[in-house]
Amino acid sequence: MTHDLKAAADRLQLPLVIRVDARESEELLASALGELNTDEVGIRIVQTGVGNISESDISLAVASRAMVLGLNVSASGDVQAAAEREGVDLRLYHLFGDLVEGMKEALSDLRPPPKWETILGRAEVKQVFQIPKIGTMTGCIVVSGVIQRSADVRLIRDSVVTWTGKLSALRRYKDAVHEVSTGLECGIALENYHDIKEDDVIECFRIDEGTRPL
């Protein structure tokens, strides 16, 4: 029970003020919405009731930061104007399944999208020297993949990540370049970081972001 309470407390919640056409609909809807709850996101019903949506429902939604839902009920022009004025998300549905599906999508929007890391390439530091107006510059060889000027990078020393950030320069000989491929030598400078040593590894990576269906 304690674990369940903690999970509920940690869950991102979607608060709802609901108006339906009949008491039976109210009970069925509460049950269906409850089945959408997961460990990450869940429905919190602030209030339910039978009858048309009123301005007091909008006021309650403002106070609780809730969405207002109506199933086979109406909202007068004044109520709709109040919702728009207060920035309340007011949604009217005529089909039970459409409302449940709409809340499933709304819950999905609450969840942070998944992120994953793709390693683009690695370069080994062979030399370290100082360049005026640039600072610490390294002479490297790309041992795998590609090093991209615009990507994120990390500095690895003795298998430990010591710094993560961006490149301030990527060069082939004297030319600034956008990327350098496996087997090629290049010059690399790290943005606002100068504690670089020979045999350090500069790893280039990209963070990708996707969508999360409920």
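**Asp208 and the pairing of strand 6**

In this predicted model, the side chains of Asp208 and Arg206 are joined by a polar contact of 2.9 Å.

Biologist: In which strand is Asp208 found, and is Asp208 buried or exposed?

Modeller: Asp208 is found in strand 12, which covers residues 201-209. Its relative accessibility is 17%, and because buried means under 20%, Asp208 counts as buried.

Biologist: Which residues does Asp208 touch, not counting those up to four places away in sequence?

Modeller: The polar contact with the side chain of Arg206 is a separate matter, since that list leaves out residues up to four places away in sequence. With those set aside, the residues that Asp208 touches are Pro114, Lys115, Trp116 and Thr118.

Biologist: How many bridges join strand 5 to strand 6, and which residue in the turn has a positive phi?

Modeller: Strand 5 (residues 115-131) and strand 6 (residues 135-148) run antiparallel, and the bridges that join them number 10. The two strands form a hairpin with three residues between them, and the turn residue with a positive phi, of about 70 degrees, is Lys133.

Biologist: What is the bridge partner of Cys140 in strand 11?

Modeller: Strand 6 is joined by four bridges to strand 11 (residues 185-190), and these strands run antiparallel. Cys140 of strand 6 stands opposite Val125, while in strand 11 the bridge partner of Cys140 is Cys186.

Biologist: Which residue in strand 10 does Gln148 stand opposite?

Modeller: Three bridges join strand 6 to strand 10 (residues 179-181), with the two strands running antiparallel. In strand 10, the residue opposite Gln148 is Glu179.

Notes: Residues numbered from 1 in each chain as written. Predicted model: local features only at pLDDT ≥ 70, side-chain atom pairs only at ≥ 80, totals over all residues. Heavy atoms only, no water. Pairing = 2+ DSSP bridges. Buried < 20%, exposed > 50% of the residue type's maximum accessible area, 1.4 Å probe, protein only. Polar contact = N/O pair within 3.5 Å; in protein donor to acceptor, adjacent residues only side chain to side chain. Contact = heavy atoms within 4.5 Å.
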